Amino acid sequence: MGQFEALLVVQELDTTLDQLHHRKANLPERAALAEHERQLEDIDRRRSDATGRRDDLGRQSKRIEDEVALLDEKITTEEDKLYKSGMTSAKDAQLLQEEIASLRRHKSDLEDGIIELMEQIEPVDAELASLAERRSAVEAEMATVGAALDANEAEIDAEIGEISERRAGEAADIDPGLLEEYAKLRSQLDGVGVASFSGGRCHGCPLNLLHPAMETDRINHEPADAVIHCDECSRILVRV
């Protein structure tokens, strides 16, 4: 096999390598992982929002509970005055009883407020529990998909390694200058730097047009070691 025929084989192998790299970059598991990452971001955003609401309700409840505790202390103090201090003035006793009753009403109102807050906290806690459960499920799915991705990548990498070795063997006897020119054309022409030429057609041209008879005759009569380019697409031509 001459170096031009070997270059066609290198092109075929390079095309296969391009396809493998594209396949590896676009494995469905990769897209699935990206979607799972998006889901986790959404869950974390919702958890952050719910946690903020839960913390706010908790602070309100704590503030009221502290106020109730102070009222309990004040009620105890006032009751001690009423029942343990030996108060003899009926008027003072009546005023103190009214004050204690007022404190108890205020305490009852505050306790009602705590109950209302607890009723608001309950669905938020349920929401947080549901989000935590959903996050765990998504993470488990990600682990499964990640393992599948690793396996598929390893399989493709093995193919890439095998074909790369074959390519190196095919390219070993090709003139370095020709390989460099081929590589440059490949980078400019959608990955195809060399094409076969037969029956008056360049099989690298997008439309596979038939070359004029004179041009075909000129190409066919070039020396065997000549580097020939297609006038239409500029690719290196290999006569077959």
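This briefing describes a four-stranded sheet, several salt bridges, a charged surface patch and two loop residues. The model is predicted, so local features need pLDDT of at least 70 and side-chain atom pairs count only at pLDDT 80 or more, while totals for chains, interfaces and linings use all residues. Residues are numbered from 1 along each chain as its sequence is written, and side-chain values use heavy atoms, with hydrogens and water left out. Helices (H or I, at least four residues) and strands (E, at least two) are DSSP runs numbered from the N terminus.

**The sheet**

- An open sheet with mixed pairing is built from 4 strands in the order S2-S1-S4-S3, where two strands pair if DSSP finds at least two bridges between them.
- Strands S2 and S3 (228-229) stand at the edges with a single partner strand each, so one side of each is left without a neighbour in the sheet.
- Strand S1 (residues 194-198) has 4 of its 5 residues buried and is therefore largely enclosed by the rest of the structure; buried means under 20% relative accessible area, exposed over 50%, and partly exposed in between (1.4 Å probe, protein chains only).
- S1 runs parallel to strand S4 (residues 236-239), to which 4 bridges join it, and it pairs in the antiparallel sense with strand S2 (residues 201-202) over 2 bridges.
- Ala 195 lies in S1 and is buried at 3% relative accessibility; its bridge partner in S4 is Leu 237, and the two are 42 residues apart in sequence but 5.2 Å apart in space, C-alpha to C-alpha.
- Phe 197 has Cys 202 of S2 as its bridge partner, and in the hairpin of S1 and S2, with 2 residues between the strands, Gly 199 takes a positive phi near 60 degrees.

**Salt bridges**

- The structure holds 23 salt bridges, each being a side-chain nitrogen of Lys or Arg within 4 Å of a carboxyl oxygen of Asp or Glu.
- Arg 23 and Glu 159 meet through their side chains at 3.6 Å, N to O; Arg 23 lies in helix H1 (residues 3-25) and Glu 159 in helix H3, so the pair ties together parts that are 136 residues apart in sequence.
- Asp 44 forms a salt bridge with Arg 135, the closest N and O atoms being 2.7 Å apart; because Asp 44 lies in helix H2 (residues 28-84) and Arg 135 in helix H3, parts that are 91 residues apart in sequence are tied together.
- Within that pair, Asp 44 is partly exposed at 32% relative accessible area, whereas Arg 135 is buried at 17%.
- Lys 107 and Glu 111, whose closest N and O atoms are 3.9 Å apart, both lie in helix H3, 4 residues apart, which is about one turn of the helix.
- A network of salt bridges links Asp 14, Asp 18, Arg 167 and Arg 186.

**Loop residues with positive phi**

- Most residues other than glycine have a negative phi.
- Asp 190 has a positive phi near 55 degrees; it is found in the loop between helix H4 (176-188) and S1 and is exposed, with a relative accessible area of 78%.
- Ser 234, in the loop between S3 and S4, has a positive phi of about 75 degrees and is partly exposed at 37% relative accessibility.

Technical notes:
Patch = residues over 30% accessible without salt bridge, like charges linked within 9 Å, V, L, I, M, F, W, Y side chains within 5 Å. Areas by Shrake-Rupley, 256 points an atom, 1.4 Å probe, with all protein chains shown as cover. Lys, Arg positive; Asp, Glu negative; His and termini not counted. Charge placed at Lys NZ, Arg CZ, Asp CG, Glu CD.
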